[in-house]
Amino acid sequence: MKVSEAVGRALCAAGVDQVFGVVGSGNFHVTNAMIAAGARFVAARHEGGAATMADAYARTSGEVAVVSVHQGPGLTNAMTGIAEAAKSRTPLIVLAAEVTEPRSNFHVDQEALARAVGAAAVRVTSAEEAVGQTCAAVRLAVRERRTVLLNLPLPVQASEVPEGALAQAVPPTPKAAVEPEAAEVTALAELLARSRRPVFVAGRGAREPGGGQALAALAEQYGALLATSAVARGLFHGDPWSLDVSGGFASPLAVELIQGADLIVGWGCALNMWTMRHGRLIGADATVVQVDDDPAALGAHRPVHLGVTGDVRLTARRLSGRGGEPREGYRTPETAAALAARLRWHDVPYEDTGTRERIDPRTLGIALDEILPAERVVGVDSGNFMGYPTMYLSVPDEKGFCFTQAFQSIGLGLATTIGAALARPDRLPVAALGDGGALMSAVELETVRRLGLPMVVVVYDDEAYGAEVHHFGPDGHPLDTVRFPPTDIAAVGRGYGFEAVTVRTRADLKAVADWVAGPRRAPLLIDAKVVADQGAWWLEEAFRGH
């Protein structure tokens, strides 16, 4: 058996069953070996899309995925998606063919590329070590939550592996959950016991199995309100004491209640400039605690009064039962009444600025939330529009929202939603894109159609890179470089085999309701011509952080 086949089979034996990619000469045999071993292969139209699909699939499914690319340009095409995955600590294997001859036109320092964006790098160096090195890459991805580049040199691929080499290929054992120190648990218990208005903010680390349930039980015991970072949105869906998202997308009531907290505990959450609005959500007298299984994360973005090194679920369980009888805390009748009446963005009054030619994105979001089935998985691109779907489109749980924003690149939203859709085939996938990101990634509309995904693609079309328009326009700078002529994006969708509708007023959304009613023979693209009269406050936060 050649190395290329052995590596493909070893990846599957190590637990990988989903691979995305664009196949060229260098990764042809190894990709086919994975397929022969039982993996599902999804061909993207661009390596950048393939990397982002794999990233989103891993986030949504909780399983490691593979993106397979050609040597040199195949890898460089994928680098933005790889950077996003690496910055998000997504367990992902980037399987890349590699040339070793410096004079080859395909030669680049692939290991340096990986290091530059925060990914780890492993190389298959020989036939004798090929299976072991492949399994080591998977183990590193799973146990350390890393994006790992597995370089597969062309000269090594054709070598013969020793007889029985695949016997050592087994799924990696998960890393043991980090047990918190008893003294740190006691210190946090004392803070909770003294708190009258505690708020828990859960992040990516709380999305691990059982994390949300353990936090909800602990919050009930101490009377804490519950919030999440954007990436953990939906974790407490349906809980009457949930504030939904903390940070730039938080509703006015959520902001008011978080600012009124006397204790804020971040659970697997960075408490960074996004989640805490550069610290403005933290009251002057509030105590701040951070719980994370990585000690380097404690206080990395904001000073904390107490850092607890430990797994979120284990730490919450160690705290349960220490406080005696359940406390009222922040869960007063007044808080309950406020949450019931005005927590949702739907309940916040606004002046509709829509016209006969352009729809207000808030009106669009409220209507789509009512029309589209509640069992959905939403992927959001980056841009001036991105808060509207995040605030107005509800999701059923933390697996219903995929937010690839660690690198803040536009153009990832469509591929994000494809990956998430394949991880959750039981839900309606909804891709929320700006016109810039939609046109940048339009090639993957063919992938949606080819896979038969019943997807809804919503394009918030303001005919511009709206973030730059609203950032530089008020200072009188010329904006010709970031504004574009009208584009019939609905026609683009039809060209790829979508049903499509142009939406200028709420009445135009009847076509969306008709599509939802069935039979949904093709995916749907909504070309929403949105008003562009103001910049988004969440992007003001973004520019302040640059």
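The exercises below, each with a worked solution, concern a predicted model.

**Exercise 1. Overall dimensions**

Determine whether the radius of gyration of the protein agrees with that of a compact globule.

Solution.
- Step 1: The chain length is 546 residues, for which a compact globule would have a radius of gyration near 24 Å.
- Step 2: The protein has 24 Å, so the value agrees with the globule rule.
- Step 3: For the extents, the C-alpha trace spans about 70 × 65 × 50 Å along its principal axes.
- Step 4: The secondary structure consists of 21 helices and 18 strands.

**Exercise 2. Burial, contacts and surface**

State what percentage of the residues count as buried, and describe the contacts by sequence separation and the exposed area by atom type.

Solution.
- Step 1: Buried residues make up 57% of the 546 in the protein.
- Step 2: Take the contacts with a separation of 6 or more; 77% of them are between residues 24 or more positions apart.
- Step 3: The exposed area is about 21,500 Å², and carbon and sulfur atoms supply 52% of it.
- Step 4: On the charges, there are 50 positive and 62 negative ones, and their mean positions lie 2 Å apart.

**Exercise 3. The nonpolar cores**

Identify which residues of the largest nonpolar core touch the most other members, and which helix supplies the largest share.

Solution.
- Step 1: The largest nonpolar core has 48 residues, and within this set L414 and V457 touch the most other members.
- Step 2: Helix α4, residues 73-87, gives the largest share of this core, with 7 residues.
- Step 3: To list the surroundings of L414, set aside residues up to four places away in sequence; L414 then touches A431, L433, S441, E444, L445, V448, M455 and V457.
- Step 4: A separate second core has 39 residues, including F401, V458, L509 and V516.
- Step 5: As background, nonpolar side chains in soluble globular proteins tend to be buried together.

**Exercise 4. Backbone geometry**

Locate the cis peptide bond, then place two non-glycine residues with positive phi, D244 and R520.

Solution.
- Step 1: The cis peptide bond joins G518 and P519, with omega at about 10 degrees.
- Step 2: P519 sits in the loop between α20 (510-517) and β18 (524-529).
- Step 3: R520 is in the loop between α20 and β18, and its phi is positive at about 55 degrees although R520 is not a glycine.
- Step 4: The relative accessible area of R520 is 31%, so R520 is partly exposed.
- Step 5: D244 belongs to strand β9, residues 242-245, and has a positive phi of about 65 degrees without being a glycine.
- Step 6: With a relative accessible area of 28%, D244 is partly exposed.

**Exercise 5. Classifying by accessibility**

Classify A341, P295, E144 and T355 as buried, partly exposed or exposed, using cut-offs of under 20% for buried and over 50% for exposed.

Solution.
- Step 1: A341 has a relative accessible area of 52%, so A341 is exposed. A341 is placed in helix α12, residues 333-342.
- Step 2: P295 reaches 51% relative accessibility and therefore counts as exposed. P295 lies in the loop between β11 (287-292) and β12 (306-309).
- Step 3: E144, with a relative accessible area of 33%, is partly exposed. E144 is in the loop between α6 (130-143) and β6 (147-153).
- Step 4: T355, at 45%, counts as partly exposed. T355 is in the loop between α12 and α13 (361-371).

**Exercise 6. Sequence separation and C-alpha distance**

For the pairs A341–L253, T355–I264, E144–K175 and P295–G307, give the separation along the chain and the C-alpha distance.

Solution.
- Step 1: A341 and L253 are 88 residues apart along the chain, with their C-alpha atoms 9.9 Å apart.
- Step 2: T355 and I264 are 91 residues apart in sequence, and their C-alpha distance is 42 Å.
- Step 3: E144 and K175 are 31 residues apart in sequence and 7.7 Å apart between C-alpha atoms.
- Step 4: P295 and G307 are 12 residues apart along the chain, and 8.2 Å separates their C-alpha atoms.
- Step 5: Contacts are listed without neighbours within four places in sequence: E144 contacts R89, R139 and K175, and T355 contacts R504 and T505.

Note on methods:
Residues numbered from 1 in each chain as written. Predicted model: local features only at pLDDT ≥ 70, side-chain atom pairs only at ≥ 80, totals over all residues. Heavy atoms only, no water. Core = buried A, V, L, I, M, F, W, Y, C linked by side-chain atoms within 4.5 Å. Buried < 20%, exposed > 50% of the residue type's maximum accessible area, 1.4 Å probe, protein only. Helix = DSSP H or I, 4+ residues; strand = E, 2+ residues; numbered from the N terminus. Contact = heavy atoms within 4.5 Å. Rg over C-alpha atoms; globule rule 2.2 N^0.38 Å. Areas by Shrake-Rupley, 256 points an atom, 1.4 Å probe, with all protein chains shown as cover. Lys, Arg positive; Asp, Glu negative; His and termini not counted. Charge placed at Lys NZ, Arg CZ, Asp CG, Glu CD.
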